[in-house]
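Reader: Hi! Could you walk me through this one while I have it open?
Author: Happy to.

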Amino acid sequence: AGFDWADASGPRAKVDEELQELDRAGSEGDASRLESELGDLLFSVVNLARHLDVDPETALRRANNRFAARYRHVERALAARGLTMDTAGVGLLDQLWAAAKAENP
């Protein structure tokens with residue numbers, strides 16, 4: 001119908017706008033509005049993906065797989081140290097996550 005941006009800069013700016021609206025809704029503590037703004041953000045990210053010629057479902061599925069692989073990497077590294085997620089400090093978790101991310105970009 002012609003109601004679209006010419007390039008990816010339009011939906012990218014919309015993502016920023018929706019993030020700001022989500023932050024405002026979160027600070028106000030209105031759960032219904034927070035859900036609404038999160039929905040708008042997700043919609044905007046999908047629209048950005050379309051403009052970047054990226055299939056959003058595939059991108060999300062692959063991101064989930066990367067996250068799971070990195071999480072398992074952190075768990076293994078902690079187990080090798082005799083630690084768990086609950087007993088490791090945030091600093092160590094961040095360090096192990098960075099190593100996992102470098103190994104599985």
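Author: What follows is a chat about the helices, the pocket and a few single residues. This is a predicted model, where local features need pLDDT of at least 70, side-chain atom pairs count only at pLDDT 80 or more, and totals for chains, interfaces and linings use all residues. Residues are numbered from 1 along each chain as its sequence is written, and side-chain values use heavy atoms, with hydrogens and water left out.

Reader: Thanks! Let's start with H1. How many residues does H1 have, and how far does it reach?
Author: Helix H1 covers residues 9-28, which is 20 residues, and it reaches 29 Å from first C-alpha to last, close to the 28 Å expected at 1.5 Å a residue. Helices here are DSSP runs of H or I with at least four residues, numbered from the N terminus. The expected span is 1.5 Å times one less than the number of residues.

Reader: Which residues of H1 are buried?
Author: They are Gly-10, Pro-11, Val-15, Glu-18, Glu-21, Leu-22 and Ala-25. Seen down the axis of H1, these buried residues fall within an arc of 135°, so they line one face of the helix. The arc is taken from the directions between the helix axis and the C-beta atoms. Buried means under 20% relative accessible area, exposed means over 50%, and partly exposed lies in between, with a 1.4 Å probe and protein chains only.

Reader: And what does the face turned away from the buried side of H1 carry?
Author: The exposed residues Asp-23 and Ser-27 are there.

Reader: A glutamate on the buried list caught my eye. What is Glu-18 in contact with?
Author: Glu-18 has a relative accessible area of 5%. Leaving aside neighbours within four places in sequence, Glu-18 is in contact with Glu-37, Asp-40, Leu-41 and Ser-44. Contact means heavy atoms within 4.5 Å. H2 is among what covers the buried residues of H1.

Reader: On to H2 then. What do the buried residues of H2 pack against?
Author: They pack against H1 and H3. The buried residues of H2 are Glu-37, Leu-41, Ser-44, Asn-47, Leu-48, Ala-49 and His-51. H2 has 21 residues and a reach of 30 Å from its first C-alpha to its last, close to the 30 Å expected at 1.5 Å a residue.

Reader: What about Asn-47, which residues is it in contact with?
Author: Beyond its neighbours within four places in sequence, Asn-47 is in contact with Asp-4, Trp-5 and Pro-11. Asn-47 is buried, at a relative accessible area of 14%.

Reader: Switching topic: how much space lies in the largest pocket?
Author: About 160 Å³. On a 1 Å grid over the protein atoms alone, a pocket is an open set of points where a 1.4 Å probe fits, with protein on both sides within 12 Å along at least five of seven lines, and lining residues have an atom within 4 Å of a point. Grid points are joined across faces, edges and corners, and the volume is the space filled by probe spheres set on the points.

Reader: Which helix gives the largest share of the lining of the largest pocket?
Author: H2 does, with five residues. H2 and H3 each supply at least two residues of that lining.

Reader: How do the lining residues divide into nonpolar, polar and charged?
Author: There are 10 nonpolar, no polar and no charged residues. Among them are Leu-42, Val-45, Leu-52, Pro-56 and Leu-60. Ala, Val, Leu, Ile, Met, Phe, Trp, Tyr, Cys and Pro count as nonpolar, Asp, Glu, Lys and Arg as charged, and the others, Gly among them, as polar.

Reader: Any backbone angles to look at? What is phi of Asp-53?
Author: Phi of Asp-53 is near 60°, a positive value in a residue other than glycine. Most residues other than glycine have a negative phi. Asp-53 is in the loop between H2 and H3, and it counts as exposed at 74% relative accessibility. Gly-29, just after H1, also has a positive phi, of about 75°.

Reader: Last one: which residues of H3 are buried?
Author: Ala-69, Arg-70, His-73, Val-74, Ala-77 and Leu-78 are buried in H3. What covers them includes helix H4, residues 90-103. H3 is followed by Gly-82, where phi is positive, near 75°.
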